[in-house]
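Reader: Please take a close look at one helix of this structure and at the residues around it. A single connected account would be welcome.

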Amino acid sequence: MLPERSHLRRVTRVAHERVDAAFGNFALATPKGYSSFLQAHDIALAWVAGSSIVEVGPLRGHIAADLADQGQRPWNIPFVGPRTRGHGLGVGYVLAGSHFGAQLLVRDVLRGMPNAPRVICGRMS
């Protein structure tokens with residue numbers, strides 16, 4: 001493992017654990033749990049959207065499409081928090097690394113709703 005990656009993993013471990021705890025409690029195999037997960041994810045991405053470091057517009061579009069498939073729209077609740085370059089880089093690191101965890105989430109979603117998650121599941125796998 002690269003020394004930079006090891007350092008990032010070490011200094012962001014607690015933050016990763018908080019994200020895992022916050023997003024790990026959704027019942028992804030149910031329509032309500034999956035849509036709640038998508039809503040929460042979109043709210044978090046709203047913060048990132050204000051950063052010039054990471055482009056999340058396409059991902060938010062995928063989330064909106066999955067919600068539309070369930071007859072819902074994003075809540076559009078802005079996330080209020082600091083927007084520094086350091087925070088943006090941290091978010092970019094988390095998003096880049098989330099691809100691996102997303103594969104596990106897709107498995108849970110598809111177990112309960114094999115036909116519902118059209119776009120996000122394709123993007124996350």
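Author: The account below concerns helix α3 and its surroundings. This is a predicted model, in which local features need pLDDT of at least 70 and side-chain atom pairs count only at pLDDT 80 or more, while totals for chains, interfaces and linings use all residues. Residues are numbered from 1 along each chain as its sequence is written, and side-chain values use heavy atoms, with hydrogens and water left out.

Helices are DSSP runs (H or I, at least four residues), numbered from the N terminus. The 19 residues of α3 should span 27 Å at 1.5 Å a residue, and the 26 Å between its end C-alpha atoms agrees with this; the expected span is 1.5 Å times one less than the number of residues.

Buried residues of α3 include Gly 33, Tyr 34, Leu 38, Asp 42, Leu 45, Trp 47 and Val 48, where buried means under 20% relative accessible area, exposed over 50% and partly exposed in between (1.4 Å probe, protein chains only).

The largest nonpolar core (buried Ala, Val, Leu, Ile, Met, Phe, Trp, Tyr and Cys residues joined through side-chain atoms within 4.5 Å) has 13 residues, and Tyr 34, Leu 38, Leu 45 and Val 48 are among those that touch the most other members. Two or more residues come from each of α3 (31–49) and α4 (57–69), with α3 giving the most, six.

The whole structure holds one aromatic pair (ring centres within 6.5 Å; planes under 30 degrees apart are stacked, over 60 edge-to-face, the rest tilted; Trp is represented by its six-membered ring). The ring centres of Phe 26 and Phe 37 lie 5.9 Å apart with planes at 75°, so the pair is edge-to-face. Phe 26 lies in the loop between α2 (13–23) and α3, and Phe 37 in helix α3, 11 residues apart. Phe 26 is partly exposed at 24% relative accessible area, whereas Phe 37 is buried at 5%.
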